[in-house]
Amino acid sequence: NTAIPATLTAAAQEIEELRKTIHYHSHRYYVLDNPEISDAEFDSLLRRLIAIETAFPSLITPDSPSQRVGGVPAEGFDRVAHLTPMLSLGNAFSAGELRAFDARVRNGLDGAAAEYVVELKIDGLAINLVYQNGRLVRGATRGDGTYGEEVTANIRTIRSVPLVLNADDDIPPLLEVRGEVYMPRREFDRLNRLREMSGEPLMANPRNAAAGSIRQLDPKITAERALDIFIHGLGTEEGLGVATHAAMFEKLQRLGFKVNPHYQVFDNIEDVIAYCESWAEKRVDLPYDIDGLVIKVNSLASQRLLGSTAKDPRWAIAFKFPAEQAAT
Ligand SMILES: NC(=O)c1cc2c(N)ncc(C(N)=O)c2s1
């Protein structure tokens, strides 16, 4: 409980150091799930930052870790245009349909063999994030793919969303990324137990709960929900400098983004099929819901060659598990 700095300059200096330290430990805890300090030590750093910012409010910036707890409620959500439209995905429901997808891809690449990245399809809410010079400037829902709802204040409350990017690697001046916001099943159960005790209607499933939490007008309510995110795609970018989807994941992780660890690269569709089918059972052990897997051509140049239809990319497809039989 050392004294609050006496001057604005000293306060700005200590705030800058505190933000760097808090950002580092927040990344280790929420993104890497590998903290170096105790929760108590982390909380005391955050309390010190908030105390100094309270004494010097002119030093508060939107990307300060103190802003995670949510700002003032919004009247409504503005409509914003995504820099690059967010496409949907074609679906495959069988191994045969995946083989057909592979044949189309190889045909589109004049017979060249294709390398695929296979990722879990998170059952959450699609979100678009824009970073300018390494700072989060906007978060939006998918909407109709071209326009979405501006929910930046709510996105800032998600601890695994970096407010500033790690400077260890060269930071692209402009970066638009897509991900899936989800509610871990344990958090969903916790919230429903609270609702049960207070006689409120229960939430139907984690996906609806995540969507409802992101669409709260009051960010303080969003901040009380332990939402999480996995970043899985790129929109507009300047200077990212990667040639494959897998290299993009490595770069995004170095920049501080949370990427789902279960992605794998395969050089043939039979291995892709085996991996997809192995998750039909394994998924029950995950702390979040998935409704399938997403298969993407790994080479970004090949993705560009294959292009997209008005709706979906020709270089990606979802492998869907049979829908859960509704609990009767
Ligand atoms: N609609 C889409 O394009 C996607 C939707 C999803 C989703 N729900 N989860 C994961 C991924 C992924 N790993 O790419 C994608 S891609």
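**Reading contacts in a predicted model**

Tutor: This is a predicted model, with a mean pLDDT of 95 for the protein and 98% of its residues at 70 or more. For the complex, the predictor gives an ipTM of 0.97 and a pTM of 0.94.

Student: What makes the approach of the ligand's nitrogen to isoleucine 122 a polar contact?

Tutor: A nitrogen atom of the ligand is 2.9 Å from a polar backbone atom of isoleucine 122, and because the cut-off for a pair of N or O atoms is 3.5 Å, this pair counts as a polar contact.

Student: Which ligand atoms are approached by polar side-chain atoms of glutamate 180 and lysine 296?

Tutor: Glutamate 180 places a polar side-chain atom 3.2 Å from a nitrogen atom of the ligand, whereas for lysine 296 the partner is an oxygen atom of the ligand, at 2.7 Å. Both pairs are therefore polar contacts, since the limit is 3.5 Å. The surroundings of the ligand also include Leu87, Leu89, Glu119 and His232.

Student: How do you know that helix H1 and helix H2 meet, and what is the hand of their crossing?

Tutor: The axes of H1 (residues 8-31) and H2 (residues 39-55) come within 10 Å and cross at roughly 150°, and the crossing is left-handed. Among the residues that meet are Ile15, Leu18 and Ile22 in H1, with Phe42, Leu45 and Leu49 in H2.

Student: Why are five residues of the contact of H1 with H2 called charged?

Tutor: Asp, Glu, Lys and Arg count as charged, so Glu14 and Arg19 in H1 and Asp39, Arg48 and Glu53 in H2 fall in that class; beside these five, the contact has 10 nonpolar and three polar residues.

Student: What does leucine 46 touch outside its neighbourhood in sequence?

Tutor: Leucine 46, which has its place in helix H2, touches Ile22, Pro65 and Ser66 when residues up to four places away in sequence are not counted. Its C-alpha atom is separated by 8.6 Å from that of arginine 19, although the two residues are 27 apart along the chain.

Student: At what angle, and with what hand, does H3 cross H9?

Tutor: The axes of H3 (residues 95-108) and H9 (residues 269-282) come within 10 Å and cross at roughly 145°, and the crossing is right-handed. The contact includes Leu98 and Arg99 of H3, and Ile273 and Glu277 of H9; by class, its residues are five nonpolar, no polar and four charged.

Methods:
Residues numbered from 1 in each chain as written. Predicted model: local features only at pLDDT ≥ 70, side-chain atom pairs only at ≥ 80, totals over all residues. Heavy atoms only, no water. pLDDT = per-residue confidence, 0-100. Axes fitted to C-alpha atoms, helices over the stretch in contact; angles between N-to-C directions. Helix = DSSP H or I, 4+ residues; strand = E, 2+ residues; numbered from the N terminus. Left-handed = near helix turned anticlockwise from the far one by under 90°. Contact = heavy atoms within 4.5 Å. Near = heavy atom within 4 Å. Polar contact = N/O pair within 3.5 Å; in protein donor to acceptor, adjacent residues only side chain to side chain.
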